[in-house]
Structures are given as structure tokens and as C-alpha cells.
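I opened this notebook to record what I looked up in the structure, entry by entry. The fold comes before the interface, and the salt bridges come last.

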Number of protein chains: 2
Amino acid sequence: VTGAPPGQDASHEALVDALRRTVEQQYHHLHPFNLRMHAGGLAREEVRRWIVNRYHYQRHIPVKDGLILAKLPSREARRLWIRRIVDQDGSAGAEGGLEAWLRLGEAAGVRREAMEDEERVLPAVRFAVDAYVNFCRLRPWPEAVAASLTELLAPALMEERIAAFRKHYPWVDPEGLDYFRRRVSQGERDAGEALALVTDVARTPPERAAAVAALRFKCQVLWSLLDAIDTSPQGSRRD
Amino acid sequence: VTGAPPGQDASHEALVDALRRTVEQQYHHLHPFNLRMHAGGLAREEVRRWIVNRYHYQRHIPVKDGLILAKLPSREARRLWIRRIVDQDGSAGAEGGLEAWLRLGEAAGVRREAMEDEERVLPAVRFAVDAYVNFCRLRPWPEAVAASLTELLAPALMEERIAAFRKHYPWVDPEGLDYFRRRVSQGERDAGEALALVTDVARTPPERAAAVAALRFKCQVLWSLLDAIDTSPQGSRRD
């Protein structure tokens with residue numbers, strides 16, 4: 001950044017601030033279902049319902065990341081991005097995030113087949129996930145990358161979640177919480193890389209506004225998942 | 001395959017035969033420009049023209065492979081496919097195929113910038129490459145994977161090409177031929193994996209016909225590249 005004109009520095013910082021503020025205000029850590037989860041208020045059946053439905057989102061992460069990879073502008077950018085796919089799918093001798101999520105389900109008493117057959121995936125969850133995958137398929141890459149920036153808050157949420165599960169849901173085998181542990185360090189790295197890609201390319205006010213709008217859209221996707229999963233009557237209201 | 005009904009075995013073998021026959025008859029090893037290249041008949045400027053234009057194809061390989069990856073049906077299939085992207089883009093400490101191709105260009109006296117700025121890429125080459133990328137973007141994954149099966153003959157062609165360059169174009173620094181060397185073993189592995197994916201899923205006559213048609217289409221893409229690059233008057237005729 002040294003040597004950049006002062007105006008550019010200021011607008012770069014303003015973009016980072018706007019992105020952070022968007023996540024802080026609209027990420028699903030504030031959703032009533034998530035608050036209830038972390039306060040220990042979920043019944044076993046609700047925890048399982050969340051795990052099964054969230055798996056539908058998880059299994060589409062490498063799909064959307066493949067679509068983003070195909071539109072990134074350089075091999076340097078692809079070299080960073082490809083690691084996200086490996087993180088989820090795993091590689092020889094290294095279990096990936098999808099396998100870790102299936103184990104979370106098993107630790108909570110959900111059979112692996114019941115996650116993979118998707119019979120319990122709610123229509124609104126399918127639609128929200130489709131919306132996200134199609135966003136990454138159809139929008140310019142800086143917006144698709146900006147949408148991934150919910151990772152800015154994910155590591156903190158994962159640490160809270162591990163503590164909450166240990167405290168409130170001791171019937172879930174703690175080994176099953178490995179997915180959350182993996183995402184603490186992966187999420188920090190991913191967020192840093194994505195933030196650099198976006199701020200490096202979003203230079204004009206419309207480009208910066210599009211990046212913030214993409215992140216807002218992604219927050220809505222995650223919020224909608226919890227709306228659909230939440231079985232409490234107040235679940236979908238937001239005040 | 002043991003235990004499969006005899007009819008299925010036979011149709012499986014018939015598909016493999018049809019795919020091999022398609023490549024043997026329609027792959028660009030038979031194109032007049034390739035025959036001239038391997039017989040030592042190209043002027044320096046023609047060799048350079050081929051390298052610059054073919055680079056436009058090369059740099060779209062990870063793009064089409066990202067699109068295929070995003071539509072593969074399982075993480076097992078993605079785990080195989082992702083290696084193709086790493087082969088081209090490289091990874092920390094390991095130069096990839098794109099870098100090797102740029103070095104081939106340099107070894108033949110083409111500046112790296114002249115390959116990357118694409119000013120000498122011919123319109124017909126752009127159109128053919130676009131057609132291939134869009135085929136992988138829009139068609140079902142078994143067809144996109146079948147289109148990759150030109151790899152069935154690529155390793156043999158690479159070995160011939162290395163010998164031809166050493167013999168006929170000694171002004172190209174032999175270290176620049178590393179790209180062709182890499183593709184001998186990578187191509188064999190890639191072809192085997194893709195053939196297994198396709199034959200495993202193409203079970204009905206229309207599915208098998210679609211796989212063969214996809215491979216024919218891909219042969220036309222590669223043939224069109226050489227038609228465009230070929231500067232000899234007979235170049236585009238095929239008897």
C-alpha cells in the first residue's frame with residue numbers, strides 16, 4: 001500500500017470497514033436459532049435437523065468454489081482458491097470437511113445415509129443454496145469472492161460453538177466437533193485471502209458497492225437457512 | 001466387471017472401442033500442420049505462431065476443469081479431477097504446465113509477454129476454445145469428461161513430438177520441451193481415470209452415443225485450432 005495515493009488508501013479502508021460492518025450486523029450469529037443453539041435451548045431433534053439441513057449447504061461449497069475457480073483471472077488466484085476445495089473434499093490420507101461434517105452428524109445420532117439421501121432437506125434450504133451457487137456461477141468473480149467474506153466472523157463463531165456444544169449438548173460426542181475446530185484456522189486464512197482479492201480489484205464506488213451487496217446477499221442466504229430450520233414461532237422474525 | 005451381465009460387458013467394451021476409434025481417426029495427430037511439424041517442415045515463424053496460439057488453449061484448461069469439477073457428482077470424482085488443475089497451475093515449489101508452456105515459448109524465441117497479452121491469438125482459435133469451455137460449462141458432466149478423452153492418444157503424440165523437435169528444430173532449447181515430457185505420464189493417468197468415469201455412467205445407447213459425440217466434438221476443436229494456425233494453402237483440407 002506504500003506509495004498509493006492517499007485517496008485510494010482511504011477508500012480501501014472504507015471498503016474493509018463496510019464489509020466488516022455488514023458481517024457484524026447481518027451474519028447468522030445474530031439469528032434467533034443460533035442464539036438458542038449457543039444458549040443450550042435446542043432439543044435433540046432440532047440439533048439433528050440443523051445438522052442434516054446444513055449438510056446440504058456444506059456439500060455445495062466445493063461446487064461454488066469450482067465455479068469461482070473457473071472464473072478467477074490468474075493461476076496465482078486459482079492456486080489460493082483451490083485449497084478451499086481440497087479442505088472440503090479431502091485428499092489421500094487427509095479427511096476433508098465434508099467427511100468431518102458427516103461425523104458430526106453421526107456424533108449427534110444422525111445416520112450418514114440420512115444426511116446423504118437428503119430426504120429431510122427443507123425446500124427453503126434447497127432454494128437458498130441454489131441461489132448462492134447460481135450467484136457464484138453468474139456474477140463477476142469479485143462479487144462471488146466477496147460473498148465468501150462471511151468467513152470474517154466464522155472463526156469466532158466456531159470457537160463459541162465448540163464451547164456451547166461441550167457445555168449444553170454433552171450427548172454429542174466431542175470428537176464430532178472436529179469440523180468446527182478445522183474451520184477456525186481455515187476460516188482466518190480464507191477470509192484474509194478473499195479480502196485481499198476483493199480490495200485489490202474493487203477500486204471504483206460501484207465496484208465497492210457491488211462487493212458489499214454481494215456480502216449482504218450471502219448473509220441473507222445463511223439467515224434463510226436458519227429461518228427454514230427454526231421450528232420456534234418467532235424464528236423468522238428479525239427486529 | 002466380474003459378475004456383470006454379459007450384455008453389459010459387451011456394450012462397455014463396444015463403448016471403449018468406439019471412443020478409441022474416434023480418437024484414432026479424428027485426433028489432430030493426422031492434421032496436415034501436425035504432420036508437417038513432426039516432419040520438420042515448419043519455418044521458425046510457424047513454430048512460434050503455433051506456440052502462441054496453442055497457449056490460448058492451454059490457459060483455458062484449468063478453466064474448463066474448474067467447470068467440470070463443479071458438476072461432478074461426488075467428492076471422490078472431484079478428488080481425482082482436481083489434480084488436473086494443479087498439474088496446469090502448479091503449487092508451492094512445483095511449476096505447473098502453464099509455466100512449462102511459457103518456457104517452451106521462450107525456448108523458441110517468443111517473449112513471455114507476447115504469449116500473455118494474446119495479441120497474436122487468431123479469432124478462429126478464440127472461437128474454438130470458447131466452444132470447448134462452453135461445452136464443459138453447459139453439457140452434462142459425462143459428456144464434458146468424455147471430451148477430455150483426446151488424452152487417449154496424447155502421450156504417444158508427445159513422445160513423437162519430443163523426438164521431432166530434437167531432430168528438426170534444434171534451435172529450440174531442449175529444456176523447453178519439458179511440457180511435452182510432463183504430459184506423457186499425466187496424460188496416461190488422466191485418460192485412464194476419465195475413461196473409467198465415462199464407461200461407469202454411460203449405460204444406455206443414447207448415453208454412449210453422447211459420449212462418442214462429445215469426443216468427436218473435442219477432436220473438431222483441436223483440428224480447428226490447427227486449421228487456423230496453418231499457413232499453408234492446403235492446411236484446412238482433409239481428404
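Entry 1, chain A as a whole. I began with contacts along the chain: among those in chain A between residues at least 6 apart in sequence, 79% join residues at least 24 apart. I note here that this is a predicted model. I then looked up the secondary structure of chain A, which comes to 12 helices and 0 strands. The radius of gyration of chain A is 18 Å, close to the 18 Å that the globule rule gives for 239 residues, so chain A is as compact as a globular protein of that length. Along its principal axes, the C-alpha trace of chain A spans about 55 × 45 × 30 Å, and buried residues make up 55% of the 239 residues in this chain.

Entry 2, two buried residues. I picked R183(A), whose place is in helix α11 (residues 178–201) of chain A, and asked whether R183(A) is buried or exposed. R183(A) has a relative accessible area of 8%, and because buried means under 20%, R183(A) counts as buried. Leaving aside neighbours within four places in sequence, I found R183(A) in contact with D87(A), Q88(A), E151(A), P155(A), M158(A) and D190(A).

In chain B I turned to L157(B), which lies in helix α10 (residues 154–168) and is buried, with a relative accessible area of 3%. Beyond its neighbours within four places in sequence, L157(B) is in contact with Y27(B), H28(B), H29(B), N34(B) and H38(B). I also noted that L157(B) and F180(B) are 23 residues apart in sequence and 9.0 Å apart in space, C-alpha to C-alpha.

Entry 3, the interface. Chain A and chain B bury about 1700 Å² between them, 55% of it on carbon and sulfur atoms, and the contact takes 21 residues from chain A and 21 residues from chain B. Between the two chains I recorded 4 salt bridges, and across their interface 9 residue pairs in polar contact. Which helices of chain A each supply at least two residues of the side that touches chain B? They are α4 (61–71), α5 (75–89) and α6 (97–107), and α5(A) gives the most, with 7 residues. By class, this side of chain A has 12 nonpolar, 3 polar and 6 charged residues.

Entry 4, salt bridges. Over all chains the count comes to 44 salt bridges. I looked at R36(A) and E46(A), whose side chains meet in a salt bridge (3.0 Å, N to O). R36(A) lies in helix α2 (residues 32–38) and E46(A) in helix α3 (residues 44–58) of chain A, so the pair ties together parts that are 10 residues apart in sequence. R36(A) is partly exposed at 24% relative accessibility, whereas E46(A) is buried at 12%.

Across the interface, the side chains of E99(A) and R75(B) meet in a salt bridge (2.9 Å, N to O). Within chain B, E95(B) forms a salt bridge with R103(B), the closest N and O atoms being 2.9 Å apart. E95(B) is partly exposed, with a relative accessible area of 27%, and R103(B) is partly exposed, with 43%. I found that R75(A), E95(B), E99(B), R103(B), E106(B) and R112(B) are linked in a network of salt bridges.

Terms used:
Residues numbered from 1 in each chain as written. Chains lettered and ligands numbered in written order. Predicted model: local features only at pLDDT ≥ 70, side-chain atom pairs only at ≥ 80, totals over all residues. Heavy atoms only, no water. Contact = heavy atoms within 4.5 Å. Buried area = accessible area lost by both parts, 1.4 Å probe. Polar contact = N/O pair within 3.5 Å; in protein donor to acceptor, adjacent residues only side chain to side chain. Helix = DSSP H or I, 4+ residues; strand = E, 2+ residues; numbered from the N terminus. Nonpolar A, V, L, I, M, F, W, Y, C, P; charged D, E, K, R; others polar. Buried < 20%, exposed > 50% of the residue type's maximum accessible area, 1.4 Å probe, protein only. Rg over C-alpha atoms; globule rule 2.2 N^0.38 Å.
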